[in-house]
Amino acid sequence: MAILISAHELSKSFGSRQLFKGLTFSVESGERIGLIGPNGAGKSTLLKILAGKSELDGGNLSIQKGLRVGYLDQVPKFSDGATVLSTILESSHDPHDWQEILNAQSIMGKLSLNTKEIHGETLVSSLSGGWKKRVALARELLKNPDLLLLDEPTNHLDVESILWLESFLEKSSFATITITHDRVFLQNVSNSIFELDKRHPDGLLKIVGDYVKYLEVRQDLLSAQEKQETKLRNTLRRETEWLRRGAKARTTKQQARIKGAADLEAQVNDLNERNKKSIVQMDFMGAEKNPKKLLEAKNISKTYDGKTIIPAMDLLISP
């Protein structure tokens with residue numbers, strides 16, 4: 001498989017806060033990467049860098065000549081008064097070219113954007129969040145991308161649309177990098193997992209396989225890392241005791257041992273930082289201090305365009 005993007009020692013900070021440092025990886029043709037990690041790790045920022053929408057602080061990024069990259073933002077932006085067709089053609093070199101218009105209409109057909117209810121002249125502002133996502137996706141697909149970057153693509157989508165998107169991505173030939181909190185979706189559309197997390201060496205764990213495979217490998221790696229910290233910490237304790245006995249640094253061997261102890265301490269501190277576990281603290285109010293009813297509704301219902309969405313019902317929410 002051809003290498004589309006090669007990244008070496010990438011780093012990025014916001015002010016004094018470093019998002020990531022030393023990231024090295026490659027993206028190959030046909031690869032379907034799931035990009036995961038804790039909130040604030042820099043996943044969306046990394047995707048924007050790969051899309052050319054954000055600058056690096058350091059490192060080298062090599063991109064295959066002529067590579068076509070599509071980027072579906074977490075919250076797509078649209079021009080005021082834009083229609084479905086005009087929005088899709090925004091990614092065209094010539095929106096008045098008949099071939100480009102035909103290509104746009106073909107993509108609209110594949111994404112069910114060419115029906116009685118939704119068509120080329122439909123205002124994007126009138127659509128729901130899920131349909132807006134489809135329009136934004138169509139805009140990127142008109143580029144005929146070699147690599148499609150997807151930031152939380154299932155946000156605002158109903159179950160039917162998510163299943164459709166899964167099927168669409170599975171059948172597509174282009175490579176993808178997907179950020180999503182939907183683990184079922186991640187399992188179904190990925191054949192590689194990249195975890196952006198400072199707990200890993202160089203801040204990135206790369207697993208070839210699906211999400212289930214990643215969970216298995218990750219647990220083994222973190223357990224081995226914790227055992228390594230314990231082993232090195234014991235060695236450091238013995239070296240520290242030797243230093244406290246007042247060993248004189250007269251010989252080359254003793255000087256090397258003192259330097260080795262300092263290096264060992266740095267390794268232990270690094271492993272300790274990576275092996276830290278976050279603790280969530282929760283505080284619960286006594287139920288007896290709360291009202292018995294937080295919300296009560298009787299005989300509420302809702303229709304939309306003549307269709308009953310919520311049938312008549314009673315509802316009680318208590319503490």
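This report walks through the helices, nonpolar cores, enclosed spaces and a few backbone angles of a predicted model.

## Helix α4 and its surroundings

A good place to start is helix α4, which covers residues 129-141. With 13 residues at 1.5 Å a residue, helix α4 should span 18 Å, and its end C-alpha atoms are indeed 18 Å apart, so the two values agree.

How much of α4 is buried? Ten of its 13 residues are, so α4 is largely enclosed by the rest of the structure. The buried residues include the nonpolar Val135, Ala136, Leu137, Ala138 and Leu141. Charged residues are on the list too, namely Lys133, Arg134, Arg139 and Glu140, and Gly130 completes it.

Several elements surround this helix. The buried residues of α4 pack against strands β5 (69-72) and β6 (147-151), and against helices α2 (84-88), α3 and α5 (159-171).

## Two nonpolar cores

In soluble globular proteins, nonpolar side chains tend to be buried together. Here the largest nonpolar core has 30 residues. Those with the most contacts inside this core are Val84, Ile88, Leu111, Leu113, Leu137, Leu141 and Leu169. Two or more residues each come from α2, α3, α4, β6, α5 and α6 (183-189). Helix α4 gives the most to this core, with five residues.

Leu141 deserves a closer look. Which residues does leucine 141 contact, leaving aside its neighbours within four places in sequence? They are Ile107, Leu111, Leu148, Phe168 and Phe174. Another core, of 26 residues, lies apart from the largest one, and among its members are Phe25, Leu46, Leu67 and Ala175.

## Cavities

Rolling a probe the size of a water molecule over the atoms shows where empty space is left. In the whole structure, a search finds three cavities of 30 Å³ or more. The table sets out the two largest of them.

| Cavity | Volume | Nonpolar residues | Polar residues | Charged residues | Largest share of lining |
|---|---|---|---|---|---|
| Largest | about 60 Å³ | nine | none | none | α1, three residues |
| Second largest | about 50 Å³ | six | none | two | α4, three residues |

The lining of the largest cavity is made up of Phe25, Ile33, Leu35, Leu46, Leu47, Leu50, Ile177, Phe194 and Leu204. Strand β3 (32-36) and helix α1 (43-50) are the elements that give two or more residues to this lining. Phe25 and Leu46 have appeared above, as members of the 26-residue core.

Helix α1 itself is largely enclosed by the rest of the structure, because six of its eight residues are buried. These are Lys43, Thr45, Leu46, Leu47, Ile49 and Leu50. After α1 comes glycine 52, which has a positive phi near 80°.

The second largest cavity brings us back to α4. Its lining consists of Leu72, Lys133, Arg134, Leu137, Pro153, Leu157, Trp164 and Leu165. Helices α4 and α5 are the elements that give two or more residues to this lining. The charged members of the lining are Lys133 and Arg134, and both belong to the buried residues of α4.

## The second largest pocket

Open spaces are of interest as well. The second largest pocket holds about 390 Å³ of space. Of the 20 residues that line this pocket, Lys110, Leu141, Asn144, Pro145 and Phe174 lie nearest its centre. Two of these names are familiar, as Phe174 is a contact of leucine 141.

Which helix gives the largest share of this pocket's lining? It is helix α3 (residues 98-110), with five residues. By class, the lining of the second largest pocket has nine nonpolar, seven polar and four charged residues.

## Two positive phi angles outside glycine

Two residues other than glycine also show a positive phi. Glutamate 152 has a value of about 50° and lies in the loop between β6 and α5. Asparagine 299 has a phi near 55°, and its place is in strand β10 (residues 295-304).

Are these two residues buried or exposed? Glutamate 152 counts as buried because its relative accessibility is 6%, under the 20% cut-off. Asparagine 299 has a relative accessible area of 58%, over the 50% limit, so asparagine 299 is exposed.

Conventions: Residues numbered from 1 in each chain as written. Predicted model: local features only at pLDDT ≥ 70, side-chain atom pairs only at ≥ 80, totals over all residues. Heavy atoms only, no water. 1 Å grid on protein atoms, 1.4 Å probe; cavity = no way out; pocket = protein on both sides within 12 Å on 5 of 7 lines; lining within 4 Å. Points joined across faces, edges and corners; volume = space filled by probe spheres on them. Helix = DSSP H or I, 4+ residues; strand = E, 2+ residues; numbered from the N terminus. Expected span 1.5 Å × (residues − 1). Buried < 20%, exposed > 50% of the residue type's maximum accessible area, 1.4 Å probe, protein only. Contact = heavy atoms within 4.5 Å. Core = buried A, V, L, I, M, F, W, Y, C linked by side-chain atoms within 4.5 Å.
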